[in-house]
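Reader: Could we go through this model together? I should like to discuss its domains and its cysteines.
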Amino acid sequence: MTAPSGNWRTDGARLWDSLMAMAQIGPGVRGGNNRQTLTDSDREGRLLFKSWCESAGMSVGVDAMGTMYARREGTDPTALPVLVGSHLDTQPTGGKFDGVLGVLGALEVVRTLNDLSIRTKHPIEVVNWTNEEGARFAPAMVASAVYAGVMSLDDAYAVRDAEGKTLGAELERIGFKGEEEVGARKAHAYFELHIEQGPILEAEGVDIGVVTHGQGTRWLEVTLTGRDAHTGSTPMPRRLNAGLGAARIMELVDRIAWAHAPMAVGAVGHIEVYPNSRNIIAGKAVFTIDIRHPELAALDAMAAEVRAGAAEIAEKMGLGIAIAEVNSFDPVAFDPTLVGRVRAAAQALGYSHRDIVSGAGHDACWVNKVAPAAMIFCPCVDGLSHNEDEAITPEWAKAGADVLLHAVLATAEIA
């Protein structure tokens with residue numbers, strides 16, 4: 001006989017052991033991970049995950065984007081599955097928990113259901129999405145974008161890394177270019193557990209973030225064109241300094257983000273100057289502006305202000321300018337029913353919780369376009385992520401997995 005539903009909990013020690021075992025694959029240089037998508041380390045991590053899923057009695061399928069689906073059958077063969085997961089790939093200097101917690105937390109849910117001999121009406125499928133990070137193959141969240149129909153399979157296959165290798169060829173090389181049609185697995189619902197990647201939950205001493213929305217994003221790639229010239233012999237009035245123009249636009253982005261506070265954020269994270277020599281004034285600068293806001297009108301206003309302000313700066317400095325939108329997605333409102341189940345689970349389990357907006361993009365943001373979706377956040381130390389010092393506690397991981405267990409059960413329906 002199983003315990004009363006209010007007492008059902010995941011095995012926190014088992015979850016933590018799994019997290020630490022996965023962290024041994026693709027180690028970083030100082031305690032984190034470098035398990036970039038479609039590398040040999042990614043393949044090794046995928047194979048370990050597959051073996052764990054099969055040991056838990058699940059069948060594992062792979063679609064044409066390399067996304068893995070580990071299925072625990074339900075009692076109703078006609079019922080759509082509840083998808084639960086995240087990603088196993090990391091940044092080049094990534095942490096041990098970003099994405100991985102969501103995949104292995106979902107696996108822990110299935111292991112717990114096995115321990116308790118609980119059957120569900122709907123199948124449960126643990127998902128490992130390919131190339132969420134976008135570190136090696138930009139943009140991010142490519143597999144879920146193809147799943148949601150916002151990017152074509154051909155376009156995804158054609159994306160190249162810094163060495164010119166294509167995503168499609170690398171999928172084939174590591175043996176994870178599946179034959180299953182992307183998007184063929186329709187979902188009854190989707191849940192994603194993730195570390196917050198921000199400081200709010202830890203600072204407030206809150207166990208669980210109930211994610212209600214995801215911020216919309218605009219990535220603008222700016223190319224400024226000036227004139228290469230000697231730094232020592234070119235008079236100040238005769239300079240066409242693209243590097244200086246980039247700096248002034250960076251300040252502009254910061255001012256615009258502050259003007260749309262408190263929910264707006266913005267920064268320049270990637271910049272290249274040419275010819276990048278210490279005694280040559282930069283004749284060209286290429287950089288990417290990342291602006292985010294959870295409200296579409298505000299996000300569009302920010303983008304318009306950036307475009308207009310950058311053009312004005314360039315004109316005053318005598319620089320050529322081109323601005324291209326290289327990535328974009330609108331703000332996301334997650335499914336109210338599923339969000340309510342996350343909130344109810346946290347409350348029933350006695351975990352402190354608060355509503356929160358995701359500042360980062362996640363696969364759930366794309367899946368939400370084609371199926372009801374919701375996210376659960378757990379705190380991370382100092383809000384640090386995309387960094388090898390990224391850290392969470394076993395207690396935080398367990399709390400997130402416990403809430404995930406109950407939200408999934410409420411949706412998959414106990415048979």
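Author: The exchange below takes up the domains and then the cysteines of this predicted model.

Reader: Which domains does the assignment give?
Author: The domain assignment gives domain 1, covering 12–215 + 331–412, and domain 2, covering 216–329. Their C-alpha centres are 34 Å apart.

Reader: How many residues are in contact between domain 1 and domain 2?
Author: On the side of domain 1 there are 11 residues in contact, and they meet 13 residues of domain 2.

Reader: What area is buried there, and which residues of domain 1 supply most of it?
Author: About 900 Å² is buried between domain 1 and domain 2, with carbon and sulfur atoms giving 67% of that area. Of the area that domain 1 buries against domain 2, Gln-215, Pro-331 and Trp-366 supply 60%, more than any other three residues.

Reader: How many salt bridges and polar contacts are there between the two domains?
Author: The count of salt bridges between domain 1 and domain 2 is 0. Polar contact is found for 3 residue pairs across the interface, both residues being at pLDDT 80 or more. The side of domain 1 that touches domain 2 has 7 nonpolar and 4 polar residues, and no charged residues.

Reader: Turning to the cysteines, how many disulfides are there?
Author: The count is 0 disulfides. Cys-365 is in no disulfide, and the nearest cysteine sulfur, that of Cys-380, is 17 Å away.

Reader: Is Cys-365 buried or exposed?
Author: Cys-365 is buried, because its relative accessible area is 3% and the cut-off for buried is under 20%.

Reader: And why does Cys-53 count as buried?
Author: Cys-53 counts as buried because its relative accessibility is 0%.

Note on methods
Residues numbered from 1 in each chain as written. Predicted model: local features only at pLDDT ≥ 70, side-chain atom pairs only at ≥ 80, totals over all residues. Heavy atoms only, no water. Disulfide = S-S within 2.5 Å. Buried < 20%, exposed > 50% of the residue type's maximum accessible area, 1.4 Å probe, protein only. Domains from an automatic or database assignment. Contact = heavy atoms within 4.5 Å. Buried area = accessible area lost by both parts, 1.4 Å probe. Salt bridge = Lys/Arg side-chain N within 4 Å of Asp/Glu carboxyl O. Polar contact = N/O pair within 3.5 Å; in protein donor to acceptor, adjacent residues only side chain to side chain. Nonpolar A, V, L, I, M, F, W, Y, C, P; charged D, E, K, R; others polar.
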